[in-house]
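Notebook open, structure loaded. I'm jotting down what I look up as I go.

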Amino acid sequence: MRFDVITLFPEMFSAFTGSGITRRAVQTGKVQLYTWNPRDFTKDVYRRVDDRPFGGGPGMVMMAEPLDLALDAIAEQGVKQAVQVAPVVYVSPAGQPLTHARVVELSGLPALTLLCGRYEGVDERVLTKRVNIELSIGDFVVSGGELPAMMLMDALARQLPGVLNDAESAVQESFANGLLDCPHYTRPENYQDQTVPSVLLSGNHAQIASWRRKQALQRTLARRPDLIEKARSEGKLSKDDEAVLAEVK
Ligand code: 9D3
């Protein structure tokens, strides 16, 4: 999957390309990341990318023209490489909330263009003309679109075939079932007088699986009752699960 990211801070993306699973995805060619700096598409001597908002008020707004030209350059490169123009995502606090379902859907695309805002946001005329999807990563404010864009790309990369190894994929499955994860323990068996639940040392794999499921259900009910309701409505809860929930409630 190819990502073209429009950003005033391309150096931030070394966090994506430089570490962990996302670095491996790039190194193995399963993800391609290209950054485009709007400043390189300015025409004035000051290389201005922002200006004061019409109507007054605090802060600055990202100007339309450098973004428009950056989008043109990305689309032109796409045409040269004989791929259709990718959908443009604007990451914004005013976007639709990102969900696992949206991640799965977008991960099926061959390419995506991501627009990262800074300051108060982007001139609305670029958004109406060029943006297809506006996405938020949650109801809190961060300083710009770069970290949200990296979160989105990370989530998408994890869905691509061969990006996760078998162990990592197994872990992912336990989240994709719509419940919170069960608790995890590793050595030592006794840490500062806190012991590991004995069932995990029993070697009885059926019992371990049912303990883990019970823990996941219990935690989800306590912390995220909305997810229990969702799992129930999607038919993801068995008779046994309902019995566990009735018992702990
Ligand atoms: C005073 C109005 N602010 C909106 C809540 C202005 C504003 C703050 C921060 C505009 C943009 C930003 C930068 N944030 C993002 O670009 C962003 C974001 C976010 O802040 N929260 C959740 N998801 C996202 S996606 C992009």
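Where does aspartate 193 lie? I find aspartate 193 in the loop between β8 and β9. Worth keeping in mind throughout: I'm reading a predicted model.

**Entry: the β8–β9 loop**

I checked the backbone of aspartate 193 and got a phi near 70 degrees, positive even though the residue is not a glycine. Its relative accessible area is 73%, so I log aspartate 193 as exposed, the cut-off being over 50%. Glutamine 192 is in the loop between β8 and β9 too. For glutamine 192 I note a positive phi of about 50 degrees, again in a residue that is not a glycine. Buried or exposed, then, for glutamine 192? Exposed, because its relative accessibility comes to 63%.

**Entry: a cis peptide**

I went through the omega values and stopped at the bond from arginine 187 to proline 188: it is cis, with omega near 5 degrees. Proline 188 belongs to the loop between α7 (166-176) and β8 (190-191).

**Entry: domains**

I looked up the domain assignment, which splits the protein chain into domain 1 (2-158) and domain 2 (177-248). Taken over C-alpha atoms, the centres of domain 1 and domain 2 are 38 Å apart.

**Entry: phenylalanine 16**

Next I picked phenylalanine 16, which is in helix α1 (residues 14-17). I have it down as buried because its relative accessible area is 2%, under the 20% cut-off. What is phenylalanine 16 in contact with, leaving aside its neighbours within four places in sequence? My list reads Thr22, Arg23, Val26, Val31, Leu33, Met150, Met153 and Asp154. I also took the C-alpha to C-alpha distance to valine 104: 19 Å in space, with the two positions 88 residues apart in sequence.

**Entry: helix α3**

I ran a length check on helix α3 (residues 64-80), which has 17 residues. At 1.5 Å a residue it should span 24 Å, and its end C-alpha atoms are 24 Å apart, so the two agree. Which residues of α3 are buried? I get Pro66, Leu67, Asp68, Ala70, Leu71, Ala73, Ile74, Ala75 and Gly78. What covers these buried residues includes strands β1 (2-6), β2 (32-36), β4 (61-62), β5 (88-97) and β6 (111-116), along with helix α5 (124-130). Just after α3, I spotted alanine 82 with a positive phi of about 55 degrees.

**Entry: pairing of β5**

β5 turned up in the cover of α3, and I followed it to its strand partners. With β6 it pairs in the parallel sense, over four bridges. Here tyrosine 90 has leucine 115, in β6, as its bridge partner. β5 also pairs with strand β7 (residues 133-136), in the parallel sense and over five bridges. On that side, valine 89 is bridged to isoleucine 133 of β7.

**Entry: the ligand**

How many residues surround the ligand? I count 16, the closest being Ser92, Ile137, Gly138, Phe140 and Val142. Then I looked at polar atom pairs. Serine 136 has a polar side-chain atom 3.4 Å from a nitrogen atom of the ligand. Two further pairs use the protein backbone. A polar backbone atom of valine 142 is 3.0 Å from an oxygen atom of the ligand, and a polar backbone atom of glycine 145 is 3.2 Å from an oxygen atom of the ligand.

Conventions:
Residues numbered from 1 in each chain as written. Predicted model: local features only at pLDDT ≥ 70, side-chain atom pairs only at ≥ 80, totals over all residues. Heavy atoms only, no water. Domains from an automatic or database assignment. Helix = DSSP H or I, 4+ residues; strand = E, 2+ residues; numbered from the N terminus. Buried < 20%, exposed > 50% of the residue type's maximum accessible area, 1.4 Å probe, protein only. Contact = heavy atoms within 4.5 Å. Expected span 1.5 Å × (residues − 1). Pairing = 2+ DSSP bridges. Near = heavy atom within 4 Å. Polar contact = N/O pair within 3.5 Å; in protein donor to acceptor, adjacent residues only side chain to side chain.
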